[in-house]
Every structure is written in C-alpha cells, then in structure tokens.
Amino acid sequence: MKRLATIAIVLMAACVGAIRVEAQPTKVSKPPKGRCLFPSSRALGSIIADDAKKTYLQQGYKEALVSVRVIVKKPVTSNISKSNVAGLGAVSPTAGDPTVLRISVNSGGTPLELGCNAEAEITSVVTLVDNAGVRTKGRSVTKAIVQGAFN
C-alpha cells in the first residue's frame with residue numbers, strides 16, 4: 001500500500017512539473033591552505049645581538065648591552081600548490097596500478113622545501129659604556145623580509 005502511494009505521488013509530481021532532473025556538477029578539489037611561519041625569531045635576534053656586542057667590544061667599549069627583538073607580521077592564510085614546493089617533481093599514477101602514486105623528488109638527499117616569505121621588523125636597543133664610564137643609549141628599527149615555511 002505504501003509503495004502504491006509513493007508511486008502515485010511521484011506520478012502526480014511529474015505531471016505537475018515539480019520534479020526536475022539536473023546534471024550533478026563535477027567535484028573540484030579545493031587547494032590546500034597554509035600560513036607562512038618564521039619559527040626562528042628568537043634565534044635570529046640572539047645572533048644579531050651577539051654579533052653586535054662582539055663588534056662594540058672590539059671597538060673598545062667597556063660594556064655593551066644589546067637586545068634585539070624580531071617581530072614577524074601575523075601570517076595570512078593563502079592557497080598553496082605544487083609550485084610552492086622546491087624539489088617536488090612529477091606526481092602521477094603508476095601505469096599498472098592507478099592506486100599507487102609515483103612521486104619524483106630531489107635526488108641525493110636534498111630536502112624538499114615548502115618555503116615562503118614574511119615581513120619582519122627587527123628592533124634593537126643598545127646601551128654602551130665607554131672607558132670613562134659614560135653611558136649612551138640608542139634604538140633602531142629595521143624592516144626585513146624573512147624566509148619561512150608554510151604550516
């Protein structure tokens with residue numbers, strides 16, 4: 001009885017024009033998204049501060065206090081693709097078994113790189129003490145582009 005009622009409803013809907021048949025759109029994959037991160041801000045600041053301190057002490061200052069802070073702009077999410085990966089070659093299905101991928105990469109152990117660039121601001125504060133005990137203080141801000149990696 002239920003089956004007969006369902007058939008009757010479908011026939012009535014078809015007569016009235018309530019049922020439409022449309023072709024389904026083909027599925028399109030969305031590109032992966034990533035954020036450009038520079039994970040070594042503290043290390044870069046330490047390297048710059050250490051190098052500057054050595055330079056000041058070699059110039060004859062009695063004491064050199066150097067602090068450096070690296071601030072990388074907040075990463076924006078962006079689409080990433082195969083073109084963002086250095087060292088990644090062809091990606092193709094194997095001829096005999098399409099479920100097995102053949103991926104060509106750098107030879108000789110060279111790593112793949114998923115690199116990107118980010119804007120950074122390097123702020124340094126320097127306090128110098130000369131042999132006479134006179135203190136001088138200065139501050140500088142430098143804009144830079146740093147190389148990061150997609151995350």
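Q: A salt bridge is a side-chain nitrogen of Lys or Arg within 4 Å of a carboxyl oxygen of Asp or Glu. How many salt bridges does the structure hold?
A: The model is a predicted one, and side-chain atom pairs count in it only at pLDDT 80 or more. One of the pairs is lysine 54 with aspartate 50, at 3.3 Å from N to O, and this lies within the 4 Å limit. With the other pairs included, the number of salt bridges in the structure is 3.

Q: By about how much of a helix are lysine 54 and aspartate 50 separated?
A: Aspartate 50 sits in helix α2, which covers residues 41-58. Lysine 54 and aspartate 50 are 4 residues apart in this helix, so their separation is about one helical turn.

Q: Is aspartate 50 buried, partly exposed or exposed?
A: Buried requires under 20% relative accessible area and exposed requires over 50%. Aspartate 50 has a relative accessibility of 40%, so the residue falls between the two limits. Its salt-bridge partner, lysine 54, has 47% and is also in the middle class. Aspartate 50 is therefore partly exposed.

Q: How far apart in space are aspartate 50 and valine 68, C-alpha to C-alpha?
A: Aspartate 50 belongs to helix α2. In sequence, 18 residues separate aspartate 50 from valine 68. From C-alpha to C-alpha, the distance in space is 9.5 Å.

Q: How many residues apart in sequence are the parts that glutamate 119 and lysine 73 tie together?
A: The side chains of glutamate 119 and lysine 73 form a salt bridge at 3.3 Å, N to O. Glutamate 119 is in strand β6, while lysine 73 is in the loop between β2 (63-72) and β3 (77-79), so the pair links parts whose separation in sequence is 46 residues.

Q: Which class of exposure does lysine 73 count as?
A: Its partner glutamate 119 has 44% relative accessibility and counts as partly exposed. For lysine 73 the value is 52%. The limit for the top class is over 50%, so lysine 73 counts as exposed.

Q: In which strands do lysine 143 and glutamate 121 lie?
A: The side chains of lysine 143 and glutamate 121 meet in a salt bridge at 2.9 Å, N to O. The pair ties together parts that are 22 residues apart in sequence. Glutamate 121 is in strand β6 and lysine 143 is in strand β7 (residues 135-150), so the strands are β6 and β7.

Q: Is lysine 143 buried or exposed?
A: Glutamate 121, on the other side of the salt bridge, is partly exposed with a relative accessible area of 27%. Lysine 143 has a relative accessible area of 65%, which is over the 50% limit, so lysine 143 is exposed.

Q: Which cysteine does the disulfide join to cysteine 36?
A: A disulfide needs two cysteine sulfur atoms within 2.5 Å. By this rule the structure has 1 disulfide. Its S to S distance is 2.0 Å, and the partner of cysteine 36 is cysteine 116.

Q: What is the handedness of the disulfide of cysteine 36 and cysteine 116?
A: Both cysteine 36 and cysteine 116 are buried. The torsion about their S-S bond is about 100°, so the disulfide is right-handed.

Q: How many residues apart in sequence are the parts tied together by cysteine 36 and cysteine 116?
A: The two cysteines are joined by a disulfide. Cysteine 36 lies in strand β1 (residues 33-37) and cysteine 116 in strand β6 (residues 115-129), so the separation in sequence of the parts they link is 80 residues.

Q: Which strand gives the most to the nonpolar patch?
A: The patch covers about 440 Å² and is made by Val91, Leu101, Ile103, Val105 and Leu112. Valine 91 lies in strand β4 (residues 88-93) and is partly exposed at 44% relative accessibility. The top contribution, 3 residues, comes from the strand that covers residues 101-105, namely β5.

Q: What pattern does the protein follow, read along the sequence?
A: The secondary structure consists of 2 helices and 7 strands. In sequence order the elements read α-β-α-β-β-β-β-β-β.

Q: Over which residues does pLDDT stay under 50?
A: The mean pLDDT of the protein is 84, and 83% of its residues reach 70 or more. In the stretch under 50, the model has 1 contact beyond four places in sequence. That stretch is residues 4-11.

How values were computed: Residues numbered from 1 in each chain as written. Heavy atoms only, no water. Buried < 20%, exposed > 50% of the residue type's maximum accessible area, 1.4 Å probe, protein only. pLDDT = per-residue confidence, 0-100. Contact = heavy atoms within 4.5 Å. Patch = residues over 30% accessible without salt bridge, like charges linked within 9 Å, V, L, I, M, F, W, Y side chains within 5 Å. Areas by Shrake-Rupley, 256 points an atom, 1.4 Å probe, with all protein chains shown as cover.
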